[in-house]
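Student: I have a structure open and want to go through some of its strands. Can we start with the pairing?

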Amino acid sequence: MPAQSKSRPRWISAIAISVTGIALLSGCAPIANVKPADDAGNPLCAEMMVLLPDEISDQRKRQTNSQATAVWGDPSQLVLRCGVTPPPPSTDPCVSVNGVDWLAKEGEGSWTLTTYGRVPATELIFDPKVIASSTVLASLAAAAEKIPAERQCTDVTKSEDIP
């Protein structure tokens, strides 16, 4: 009777190497914890999410733990949530980029931009010192317009078509 080998079968080694490789790769970009919006399950959000770019202004998109959300950068430099409550008419500045209207709230450390006239609405939170707002809005316009516009801003502060 042949002596049993004390080494592991090859398939166990292959699995161990694969698991180690996956752990190392996923360790580079941890999953971002983002609270989903109330209407994140809206099918229009799904249509928008599949068109999001993998990179915006040298910030790579990474995985999140909730539906209809996206994050670029590690640490997070840009957070997107689809399914937020559409804003009512407002005196906040309105910016239109490539046909998508956004209401802007400028804070000290970050800005919040929310699509205007689209149901559900999409919210962006980012630091304009890290990523220019024009870059963000131009990069996301094609995805955001998957949610049809039901109305537009009546007073657009700035309007741009950016290729």
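Tutor: Yes. In strand β7, W111 is the bridge partner of E106. Keep in mind that this is a predicted model.

Student: Which way do β6 and β7 pair, parallel or antiparallel, and over how many bridges?

Tutor: They are antiparallel, with 5 bridges between them. β6 covers residues 100–106, and β7 covers residues 111–115.

Student: How many residues sit between β6 and β7 in the hairpin?

Tutor: 4 residues separate the two strands of that hairpin.

Student: And what about β7 and β8, how many bridges there?

Tutor: β8, residues 121–126, is joined to β7 by 4 bridges, and the two run antiparallel. Across that pairing, L113 is opposite L124 of β8. These strands also make a hairpin, with 5 residues in between. G117, in the turn, has a positive phi of about 85 degrees.

Student: Is β7 largely enclosed or not, and why?

Tutor: It is largely enclosed by the rest of the structure, because 4 of its 5 residues are buried.

Student: Changing topic: where is R81?

Tutor: R81 is in strand β4, which spans residues 78–84.

Student: Is R81 buried or exposed?

Tutor: Buried. Its relative accessibility is 18%, and the cut-off for buried is under 20%.

Student: What does the side chain of R81 reach?

Tutor: The R81 side chain reaches the backbone oxygen of K35, at 2.9 Å.

Student: Which residues does R81 touch?

Tutor: Leaving out residues up to four places away in sequence, R81 touches V34, K35, P36, A37, A68, T69, A121, T122 and E123.

Note on methods: Residues numbered from 1 in each chain as written. Predicted model: local features only at pLDDT ≥ 70, side-chain atom pairs only at ≥ 80, totals over all residues. Heavy atoms only, no water. Buried < 20%, exposed > 50% of the residue type's maximum accessible area, 1.4 Å probe, protein only. Pairing = 2+ DSSP bridges. Polar contact = N/O pair within 3.5 Å; in protein donor to acceptor, adjacent residues only side chain to side chain. Contact = heavy atoms within 4.5 Å.
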